[in-house]
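I open these notes with a helix and its surroundings, and I will work outward from there to the strands and the sheet.

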Amino acid sequence: MSDNAIQSLKTLCSTCSLRELCLPVGLQPDEFEQLDMVIRQSRRLRKGEYLFRAGDAFTALYAVRAGFFKTNVASQDGRDQVTGFYMSGELLGMDGISNNVHSCNAVSLEDSEICELPFARLEEIGQEIPSLQRHFLRLMSSEIVRDQSIMLLLGNMKAEERLAAFLMNLSQRLHSRGFASNDFILRMSREEIGSYLGLKLETVSRTLSKFQQSGLLTVDHKHIRLLKPLELARMVTGSHEPLAE
């Protein structure tokens, strides 16, 4: 592979969700070429389209190159329970690794683009490039830790604390990927947020209004501006005074 080709690949990755997988490892030219052969052509999905469904065979992991996804499962009463939200730079599909079958649905919340990483080939190239395997495992581990952290936070929280934790988690993830962390558009509906947090739709809407009245943020449909992120963070840790009713 020529120097120009390597630079082109690095330039492409620098604007891609896969940059966390590829760029920090310090791959050699031939290793970049190996990795390029593993990653399949990016695929586009329209809003509402399924990337995979519960029960589908697990064959690959998916890096969100652009867009936003939710995962959900069918609850016992037949309703969809949202289990996670995924943005550019994050991995989807890890639920299928243990049993080779996906346990949830993955649905695009807006027009999105993913890169497919066939898992069998990833295992093979990981044996050939140990540094890539270690970095890839760290990336998967960080996704697991993130999910565990948010669920632990939500365990015994009141509605205000749950929503504050959700907004701060979203803000931190946006910041780590180079996006505006205090001024963003919610890609999910209030109903989907409520499903994820274990809150009713009315509670989510009422709590957002309360945050706005208290000067913590502004809400304009799905446009959120965090005016006092430190206050929201203190609410999550329990060091914030309760908001007035």
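**Entry 1: a helix checked against its length.** I looked up helix α8, residues 201-213, in this predicted model. At 1.5 Å a residue its 13 residues should span 18 Å, and I found its end C-alpha atoms 19 Å apart, which agrees.

I then asked which residues of α8 are buried. I noted Thr203, Val204, Thr207, Leu208, Lys210 and Phe211. When I looked down the axis of α8, these buried residues fell within an arc of 160°, so they line one face of the helix. On the other side of α8 I found Arg206 and Gln213, which are exposed.

What do the buried residues of α8 pack against? I listed α6, α7, β10 (217-220), β11 (223-226) and α9 (229-237). Just after α8 I also marked Gly215, which takes a positive phi of about 80°.

**Entry 2: the neighbouring helix.** Two packed helices are described by the angle between their axes and the distance between the axes, and I looked up both for α7 and α8. Their axes come within 8 Å and cross at roughly 105°, and I wrote down that this makes α7 roughly perpendicular to α8, because angles of 65 to 115 degrees count as such. The residues that meet are Arg190, Glu191, Ile193 and Gly194 on the α7 side, and Leu201, Val204, Ser205 and Leu208 on the α8 side. I saw that Val204 and Leu208, which appear here in the contact with α7, also stand in my list of buried residues of α8.

**Entry 3: strands β9, β10 and β11.** I turned next to β11, one of the elements that the buried residues of α8 pack against. In a regular strand the side chains alternate between the two faces of the sheet. Along β11 I found that Ile224 and Leu226 point to one face and are buried, while His223 and Arg225 point to the other and are not.

I looked up the partners of β11 as well. Strand β9 (residues 183-185) runs antiparallel to β11 and is joined to it by three bridges, with Phe184 opposite Ile224. Strand β10 also pairs with β11 in the antiparallel sense, over four bridges, and the bridge partner of Thr218 is Arg225 in β11. In the hairpin of β10 and β11, which has two residues between the strands, I noted that His221 takes a positive phi near 60°.

**Entry 4: a sheet of four strands.** In what order do the strands of the open sheet lie? I read the order as β2-β7-β4-β5, four strands with antiparallel pairing. At the edges stand β2 (50-52) and β5 (80-87), each with a single partner strand, so one side of each is left without a neighbour in the sheet. The twist averages 30° from one strand to the next.

I followed β4 (residues 68-74) along β5, to which it is joined by seven bridges while running antiparallel, and I found Val73 opposite Gln81 in β5. Helix α6 (residues 159-176) packs on this sheet and touches β4 and β5, with its direction at about 30° to that of β5. Helix α7 (residues 190-197) also packs on the sheet and touches β4 and β5, but its direction makes about 105° with that of β5.

**Entry 5: the whole chain.** I ended with the totals for the protein chain, whose secondary structure comes to nine helices and eleven strands. Of its 245 residues, 47% count as buried. Among contacts between residues at least 6 apart in sequence, 71% join residues at least 24 apart.

Methods. Residues numbered from 1 in each chain as written. Predicted model: local features only at pLDDT ≥ 70, side-chain atom pairs only at ≥ 80, totals over all residues. Heavy atoms only, no water. Pairing = 2+ DSSP bridges. Axes fitted to C-alpha atoms, helices over the stretch in contact; angles between N-to-C directions. Contact = heavy atoms within 4.5 Å. Expected span 1.5 Å × (residues − 1). Buried < 20%, exposed > 50% of the residue type's maximum accessible area, 1.4 Å probe, protein only. Arc of directions from axis to C-beta. Parallel < 35°, antiparallel > 145°, perpendicular 65-115°, else oblique.
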